[in-house]
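Subject: Structure for your review

Dear colleague,

Please find below the structure that I am handing over to you, together with its sequence. My findings follow directly after it.

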Amino acid sequence: SGSRDGSIKLWDVQSGKCDLTMTEHDGAVLAVDISNDGLVVFSGGDDKTVRSWDAQTGILQLTMEGHTDVVTAVRAAPDGKKV
C-alpha cells in the first residue's frame, strides 16, 4: 500500500501485520504494483518518480525520473522487464 506520508508498506494478509516499510519518496505515494514473481515492488508518486524496490529487503533498487507531473499509475510488465 502507498501513503501520503511517502511510505510503502507490504502487509501479511493473514496476520494483518506490516512486514516491510519502504520510505524514499518525497511526497505521497499514489501508485504501487508488484512484479509477477513477487520480487520487485514498483511505486510512483507526487515526486514525479517511479521507483523499484527489493520486495524481500525493502532496499531501493532504482529511481526512474522523467515525468513532468505526479505519477498516478504504475504497472509491471508480465516479464518484469518494463514498468
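The accessible surface of the chain amounts to about 5,200 Å², and carbon and sulfur atoms account for 48% of that area. Please note that this is a predicted model, and the values in this message were computed from it.

Overall architecture

The chain contains six strands and zero helices. Along the sequence, the order of elements is therefore β-β-β-β-β-β. With a radius of gyration of 12 Å, close to the 12 Å that the globule rule gives for 83 residues, the chain is as compact as a globular protein of that length. Along the principal axes, its C-alpha atoms occupy a box of roughly 40 × 30 × 20 Å.

Of the 83 residues, 34% count as buried. If one considers the contacts between residues at least 6 apart in sequence, 30% of them join residues that are at least 24 apart. As to charge, the chain carries 8 positive and 13 negative side chains, and the centres of these two sets are 2 Å apart.

Ser7 in the strand β1

Ser7 belongs to strand β1, which covers residues 7-11. Its relative accessibility is 5%, so Ser7 counts as buried. The side chain of Ser7 forms a polar contact of 2.6 Å with the side chain of Asp5. Beyond its neighbours within four places in sequence, Ser7 is in contact with Ser1, Gly2, Thr21, Met22, Thr23 and Val29.

His25 in the loop between β2 and β3

His25 lies in the loop that runs between β2 (18-23) and β3 (29-34). Is His25 buried or exposed? At 7% relative accessibility, His25 counts as buried, the cut-off for this class being under 20% relative accessible area.

Two polar contacts of the His25 side chain may be of interest to you. One joins His25 to the side chain of Asp47 at 3.0 Å, and another joins His25 to the side chain of Arg51 at 3.5 Å. Asp47 and Arg51 also appear among the residues that His25 touches once those up to four places away in sequence are set aside. The others in that list are Gly6, Ile8, Ser43, Gly44, Gly45, Thr49 and Trp53.

Lys48 in the loop between β4 and β5

Lys48 is located in the loop between β4 (40-45) and β5 (49-54). Its backbone deserves a remark. Most residues other than glycine have a negative phi. Lys48, however, has a phi near 70°, a positive value in a residue other than glycine.

With a relative accessible area of 37%, Lys48 is partly exposed. Which residues does Lys48 touch, not counting residues up to four places away in sequence? They are Met64, Gly66, His67, Thr68, Asp69, Val70 and Val71. Val83 is 35 residues from Lys48 in sequence, and their C-alpha atoms are 15 Å apart in space.

Gly38 in the loop between β3 and β4

Gly38 sits in the loop between β3 and β4. A relative accessible area of 25% makes Gly38 partly exposed. Not counting residues up to four places away in sequence, Gly38 touches Ala55 and Gln56. The C-alpha atoms of Gly38 and Gln56 are 8.8 Å apart, while 18 residues separate the two positions in sequence.

Leu60 in the strand β6

Leu60 is placed in strand β6, which comprises residues 60-65. At 28% relative accessibility, Leu60 counts as partly exposed. Outside the residues up to four places away in sequence, Leu60 touches Glu24, Arg51, Ser52 and Trp53. Leu60 and Thr23 are 37 residues apart along the chain, and their C-alpha atoms are separated by 8.9 Å.

Arg51 and Trp53 thus provide a link between two of the sites described above: both are touched by His25, and both are touched by Leu60. Thr23 likewise recurs, as it is in contact with Ser7 and its C-alpha atom is 8.9 Å from that of Leu60.

With kind regards

Conventions:
Residues numbered from 1 in each chain as written. Predicted model: local features only at pLDDT ≥ 70, side-chain atom pairs only at ≥ 80, totals over all residues. Heavy atoms only, no water. Helix = DSSP H or I, 4+ residues; strand = E, 2+ residues; numbered from the N terminus. Rg over C-alpha atoms; globule rule 2.2 N^0.38 Å. Buried < 20%, exposed > 50% of the residue type's maximum accessible area, 1.4 Å probe, protein only. Contact = heavy atoms within 4.5 Å. Areas by Shrake-Rupley, 256 points an atom, 1.4 Å probe, with all protein chains shown as cover. Lys, Arg positive; Asp, Glu negative; His and termini not counted. Charge placed at Lys NZ, Arg CZ, Asp CG, Glu CD. Polar contact = N/O pair within 3.5 Å; in protein donor to acceptor, adjacent residues only side chain to side chain.
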